[in-house]
Amino acid sequence: MESYSEQVPTTSDLASTLDHDQAVGRLRSSYQRIPAGAPVRLAKRSSNLFRPRTTLETPGLDVSGLTGVISVDPAGRTADVQGMCTYEDLVAATLPHGLVPMVVPQLRTITLGGAVTGLGIESSSYRAGLPHESVLEMDILTGAGEIVTARPDGEHADLFRTFPNSYGSLGYATRLRIELDRISPYVALRHVRLGLDELGPAIDSIVADGTYAGQPVDFIDGVAFSPDEAYLTLGRNSDTAVQVSDYTGQQIFYRSIQQRSTDALTAHDYLWRWDTDWFWCSAAFGAQNPYIRRIWPRRLRRSDVYHKIIGLENRHQVAARINRQRGNPDRERVVQDVEIPASRLAGFLRWFDAEVGMRPVWLCPLRLRGSSSWPLYPLEPAETYVNVGFWGTVAIAPGAADGDVNRRIEAAVAEFDGHKSLYSDAYYDRETFDRLYNVPALTLVKERYDPDARLTGLYEKAVTRR
């Protein structure tokens, strides 16, 4: 039987406590060098944000030494992790112990600190909630230039609870202690085709007892290819597998959902099953063309490479100019993840298909792990939601206002009692934004930890792109 260590291509080196302390010192020094009144940002090469931001002339925060795992405690099932550590490196350190973070967001280069301050989700979220719910404590560089250790209780509990979905407006996590979850060497999959009206009840049933058709369910996500074709992919931990699939080569994972009812992957490949093709978005770069795919190196078939290509297009607008020269209508970027109550999922999907028309869309059930809501993203603790993810562009009519489609989506999400993540374009007016994301609660905490308002506000980050 294949071991966990054989599944992981490379294992992350653990960062020493001394190295960590020195890295924190460099971070604080870089913060002090930023002139008062100048915007504060991280100096990092990669990002999983999908909103353009104004260019800065001032230097960013030096987080170059905060990218590793400090320690893993297999017996206690915890890990101490630096804030800029990617989930790819974090999994490389924990998986040889048969452990993974409670929630592993689907893209390799998402950082732990980013997933906590900006939210994250994956197929374990129906039982494990969101990444910040498995954080036991975290060290945070505040707007006052101090490092404070925030926990669920105690002196800095207000910062701990308000940090999720603050996107750097309250500070940056330098170290996080997180809970870990057990995972088997393999994940057995079932792709179950359901009608739109069947999705919500099926999800509610699985949430209630953790099974479907008599078999345990450890992971759930799904894909709606059209109003007439939707699937839930149900994963089960397994110690053995007769044969495992490989979707890092010529085969493409999302297409397999329509082609087979059962499947099996190594734990490692299951965690990154979406990254190779950025769900289905690699098609926009030709990476799903079988001829191009054969010559496209595997090591470059990953989400961060595609994101860099998008960044180049945002700067130079090559594809947009070619599109106009061909007489095609302009296109609007629609890259969003929204949470919709499971009871209203079918209605939202029908509205979305009729009004926006992007296919396919990702479905990922989630439910808060704890019994209380979090201030800046107030999901109801007793409610089951489904994250609906859609990423691409749509043609727009001549003369349409900037962001018209995204504005209609924002309005519809509110009508369906949902919430929208803030990693991409947002068009809310300030009053609506403050109400939806509880900015008054954020302001109270910000006054304590960023008294001179050195850190950019949440509205300014999310909507005005500062």
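Student: Where is threonine 94 placed?

Tutor: Threonine 94 has its place in helix α3, residues 87–94. Helices (H or I, at least four residues) and strands (E, at least two) are DSSP runs, numbered from the N terminus. Before we go on: this is a predicted model, in which local features need pLDDT of at least 70, side-chain atom pairs count only at pLDDT 80 or more, and totals for chains, interfaces and linings use all residues. Residues are numbered from 1 along each chain as its sequence is written, and side-chain values use heavy atoms, leaving out hydrogens and water.

Student: Why is threonine 94 called buried?

Tutor: Buried means under 20% relative accessible area, exposed over 50%, and partly exposed in between (1.4 Å probe, protein chains only). Threonine 94 has 0% relative accessibility, so it counts as buried.

Student: What does threonine 94 touch?

Tutor: Contact means heavy atoms within 4.5 Å. Not counting residues up to four places away in sequence, threonine 94 touches Val72, Leu99, Val100, Pro101 and Leu180.

Student: What makes α3 "mostly covered"?

Tutor: Six of the eight residues of α3 are buried, namely Tyr87, Leu90, Val91, Ala92, Ala93 and Thr94. Among the elements that cover them are β3 (69–73), β5 (99–101) and β8 (172–182).

Student: Let's turn to another helix. How do you know that the span of α14 is close to the expected one?

Tutor: The expected span of a helix is 1.5 Å times one less than its number of residues. Helix α14 (residues 404–415) has 12 residues, for which 16 Å is expected, and reaches 17 Å from its first C-alpha to its last. Its buried residues are Val405, Asn406, Ile409, Glu410, Ala412 and Val413.

Student: Why do we say that the buried residues of α14 line one face?

Tutor: Seen down the axis of α14, those residues fall within an arc of 165°, so they line one face of the helix. The arc is that of the directions from the helix axis to the C-beta atoms. An α-helix has 3.6 residues a turn, so residues three or four places apart point the same way. The cover over this buried face includes β15 (331–341), α13 (345–355), β17 (385–395) and β18 (419–420).

Student: What is unusual about phi in aspartate 417?

Tutor: Most residues other than glycine have a negative phi, and most peptide bonds are trans. Aspartate 417 is not a glycine, yet its phi is positive, near 60°. This residue sits in the loop between α14 and β18. At 46% relative accessibility, aspartate 417 is between the two limits and therefore counts as partly exposed.

Student: Which residue in the loop between β10 (211–212) and β11 (215–216) can I compare with it?

Tutor: Look at alanine 213 in that loop. Alanine 213 also has a positive phi, about 50°, without being a glycine. Its relative accessibility is 67%, so alanine 213 counts as exposed.

Student: Where is there a cis peptide bond?

Tutor: The cis bond joins arginine 359 and proline 360, with omega about -10°. Proline 360 is in the loop between α13 and β16 (361–366).

Student: Now for the rings. Why is the pair of tyrosine 247 and phenylalanine 253 called edge-to-face?

Tutor: The structure holds 26 aromatic pairs. Rings of Phe, Tyr and Trp (its six-membered ring) pair if their centres lie within 6.5 Å; planes under 30 degrees apart count as stacked, over 60 as edge-to-face and the rest as tilted. The rings of tyrosine 247 and phenylalanine 253 have centres 5.4 Å apart and planes at 75°, so the pair is edge-to-face. By contrast, tryptophan 278 and phenylalanine 285 are stacked, at 6.3 Å between centres and 20° between planes.

Student: What makes arginine 273 count as lying over the face of tyrosine 270?

Tutor: A charge sits over a ring if NZ of Lys or CZ of Arg is within 6 Å of the ring centre and within 35 degrees of the ring normal. Arginine 273 lies over the face of tyrosine 270 at 4.0 Å from the ring centre.

Student: How do you know that β9 and β14 pair?

Tutor: Two strands pair if DSSP finds at least two bridges between them. Five bridges join β9 (residues 186–194) to β14, and the strands run antiparallel. Within this pairing, tyrosine 186 stands opposite threonine 266. Eight of the nine residues of β9 are buried, so β9 is largely enclosed by the rest of the structure.
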